[in-house]
Amino acid sequence: MLRRDLVKTGAGVSLLSMLGAGARAAHADAPGAPSPTGAFEAGTVRRIAQQLSRRPYRAPEQTLPAAIDSMNFDQYRSIAYREDQALWHGQNLAFDVEFFPRGFLYRPRIEIYEVVDGKSAPVPYNPDLFTYGDPKLKVPDNVGFAGLRLRYAINTPGVMEEFCVFLGASYFRAVAKGQNYGLSARGFADGTGNPKGEEFALFRAFWLEKPQPGVDSVVVHALLDSPSVAGAFSFTIRPGDMTVFDVQSYVYPRTKIDEPGIAPLTGMFYFDANDRNHVDDWRPAAHDSEALSIWTGSGQQLWRPLRNPRDLQFSAFSDNSMRGFGLMQRKRAFADFEDLALNYEKRPSLWIEPIGDWGPGAVDLVEIPTPNEVNDNIVSFWRPSGGLAAGQEYAFTYRMYWGWDTPWPTKLARIAATRVGAVTDDPAARFFAIDFSGTPFENLPPDAKFHLVPSSSAGTIRNVVVEPDPAIQGWRTTFEFAPGNARIAELTCVLANDAGPVSEQWTYRWTP
């Protein structure tokens with residue numbers, strides 16, 4: 001999947017025309033009934049989504065004037081929003097908003113409204129809101145917007161900087177203080193990893209609540225729509241050392257959805273020391289995220305290093321009342337990547353914390369082969385057991401933490417590195433080196449001892465060694481894995497002492 005790509009759909013219509021005369025009449029007859037403009041309160045977008053879900057899907061407008069119909073990436077990038085035209089610019093507020101033009105991959109017309117004192121009105125489009133690298137790209141038509149970016153003085157007082165973007169399908173991304181963009185999130189996933197293909201829902205409209213002076217949070221409402229589902233999202237966003245989104249979501253399936261994805265995360269893993277067998281590159285590593293982390297309902301903390309496999313891999317971690325999961329980046333030194341341009345060490349980790357009990361289901365992980373670092377090839381999400389039935393309402397509330405690490409401390413030792421290499425006298429076997437660091441190794445007595453508890457679903461684990469690693473004030477464990485005739489194996493291990501496990505659980509899928 002192309003990074004931040006957008007799936008093209010059929011002939012387009014506006015939200016207002018889609019709701020039709022019936023919706024406008026209902027709005028006149030019943031206060032608070034669905035309407036994209038006029039009176040606005042907390043349940044407005046939810047009611048619009050409910051109404052849309054009862055109607056056949058009709059895509060938003062995608063027709064573009066001839067001058068911009070075949071825009072390429074460089075042309076699109078040359079169109080810049082004028083900073084002095086930002087929504088709320090110069091109004092002494094903590095936030096302002098800029099908008100993206102339509103074109104290139106971003107063809108659908110996304111409707112955007114401002115909410116002030118309980119009333120919503122469209123944000124007006126004007127071609128003079130932008131500057132153009134090529135004057136021929138400026139057309140007089142009321143083309144409209146493709147998405148939006150939020151700005152805040154996240155790094156330097158008084159200096160407004162972009163920290164969050166909603167652009168393309170239901171994709172959005174954010175950073176914390178001092179970070180660069182990396183992985184993205186989505187509103188909803190459907191059929192990810194299925195050979196039949198994935199359906200990409202679209203945020204087709206946004207409502208931006210104008211914040212009060214002195215308030216360091218902003219509220220964005222979004223309407224989700226696709227052939228299979230409609231939905232309403234409310235994001236309360238607080239940027240800072242950890243940028244936090246409080247998310248309230250309601251989804252209304254038009255049809256039964258067998259493979260739903262809640263709180264989907266999308267990133268890139270090209271290679272690292274655990275998986276670079278088919279990559280010839282001068283750098284030590286290249287990835288947005290290095291592992292999937294899961295905190296299970298029973299209290300286990302799992303660490304699953306990512307891979308760039310030769311064939312698509314789908315993993316499911318079944319759980320009940322899961323406490324959280326995320327795509328994480330623990331490597332934070334320049335020497336970990338040595339990339340002056342891309343600064344992977346500054347990419348955010350993203351942790352999802354369910355609010356309330358999400359019940360039984362699984363954290364799914366999809367790893368897609370990629371020949372380069374241009375493609376998003378990693379997807380993870382929560383999949384509720386049993387799928388989603390048509391005509392029902394499903395509510396999911398959660399908190400998203402964009403930052404340098406998980407939002408909660410742990411007393412367990414953590415996996416600091418996973419390295420995999422050849423075994424000299426056995427070409428079929430693999431050598432694993434796993435480093436542990438953290439709280440259990442503080443103030444250890446000289447005779448402290450730890451042992452590794454490994455397991456494998458196939459093959460044999462042999463030659464296990466556990467020894468101190470003074471360079472990281474932790475411990476290193478090594479072992480060899482001989483697969484035998486296996487074509488796939490699930491490996492796990494945990495570091496322990498005589499009292500029991502002291503580390504999070506390392507889990508790894510081996511394939512040839």
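This report walks through the domains, cores, salt bridges and two sample strand residues of a predicted model.

## Overall layout

Let's start with the big picture. The chain splits into domain 1, covering 38-403, and domain 2, covering 414-510. The UniProt record, an unreviewed entry, lists residues 40-510 as "domain: Glucan biosynthesis periplasmic MdoG C-terminal". Over residues 40-510 you get 45% strand and 4% helix, and the C-alpha atoms at the two ends of that stretch sit 52 Å apart.

## Where the two domains meet

Taken over C-alpha atoms, the centres of domain 1 and domain 2 are 35 Å from each other. At the junction, 15 residues of domain 1 touch 14 residues of domain 2. Together the two domains bury about 1400 Å² between them, with 42% of that area on carbon and sulfur atoms. On the domain 1 side, three residues stand out: Asn274, Trp303 and Arg330 supply 34% of the area that domain 1 buries against domain 2, more than any other three residues.

As for charge pairing across the junction, the count between domain 1 and domain 2 is 1 salt bridge. Arg330 also turns up in a salt bridge with Glu504, where N and O are 2.7 Å apart. Going by the domain bounds, 38-403 for domain 1 and 414-510 for domain 2, that pair has one partner on each side.

## Nonpolar cores

The largest nonpolar core has 85 residues. Within this core, the residues with the most contacts are Phe99, Phe166, Phe235, Phe245, Phe325 and Met400. Another core lies apart from it, with 28 residues, among them Tyr401, Ala448, Cys493 and Trp510. As a general point, nonpolar side chains in soluble globular proteins tend to be buried together.

Phe245 is a good place to look around. Leaving out residues up to four places away in sequence, Phe245 touches a set of residues that includes Phe166, Phe235 and Met400. Its other contacts include Cys164, Phe172, Ala174 and Ile237, along with Tyr398 and Trp402. Thr236 and Arg399 are also on the contact list of Phe245.

## Salt bridges

The structure holds 33 salt bridges. One of them joins the side chains of Glu98 and Arg149, at 3.2 Å from N to O. Glu98 belongs to strand β3 (residues 95-101) and Arg149 to strand β7 (residues 145-152), so the pair ties together parts that are 51 residues apart in sequence. Both ends are tucked away: Glu98 is buried at 7% relative accessible area, and Arg149 counts as buried at 16%. This pair also belongs to a wider network of salt bridges that links Glu83, Asp96, Glu98, Arg149, Arg151 and Glu162.

Over in domain 2, Arg419 pairs with Asp435, with the closest N and O atoms 2.9 Å apart. Arg419 is in strand β27 (residues 414-422) and Asp435 in strand β28 (residues 430-437), so this bridge ties together parts that are 16 residues apart in sequence. Here the two ends are mixed: Arg419 is partly exposed at 37%, while Asp435 is buried at 3% relative accessibility. Another bridge brings together Arg509 and Glu490, at 2.7 Å from N to O. Since Arg509 lies in strand β34 (residues 505-510) and Glu490 in strand β32 (residues 489-497), the pair ties together parts that are 19 residues apart in sequence. Arg509 counts as buried at 11% relative accessibility, whereas Glu490 is partly exposed at 30%.

## Two strand residues

Ala39 lies in strand β1 (residues 38-39) and is partly exposed, with 43% relative accessibility. Ala39 and Gly118 are 79 residues apart along the chain, yet their C-alpha atoms are separated by 6.0 Å. Not counting residues up to four places away in sequence, Ala39 touches Thr44 and Gly118.

Val453 sits in strand β29 (residues 451-456). Val453 counts as partly exposed too, at 41% relative accessibility. Beyond residues up to four places away in sequence, Val453 touches Thr492, Cys493, Val494 and Ala496. Ser385 is another matter: 68 residues from Val453 along the chain, with 31 Å between the C-alpha atoms of the two.

Conventions. Residues are numbered from 1 along each chain as its sequence is written. This is a predicted model: local features need pLDDT of at least 70, side-chain atom pairs count only at pLDDT 80 or more; totals for chains, interfaces and linings use all residues. Side-chain values use heavy atoms; hydrogens and water are left out. A nonpolar core is a set of buried Ala, Val, Leu, Ile, Met, Phe, Trp, Tyr and Cys residues joined through side-chain atoms within 4.5 Å. Buried means under 20% relative accessible area, exposed over 50%, partly exposed in between (1.4 Å probe, protein chains only). Contact means heavy atoms within 4.5 Å. UniProt positions are given in the numbering used here, feature names are shortened, and annotations may be inferred rather than shown by experiment. Domain bounds come from an automatic or database domain assignment. Buried area is the accessible area (1.4 Å probe) that two parts lose on being put together, summed over both. A salt bridge is a side-chain nitrogen of Lys or Arg within 4 Å of a carboxyl oxygen of Asp or Glu.
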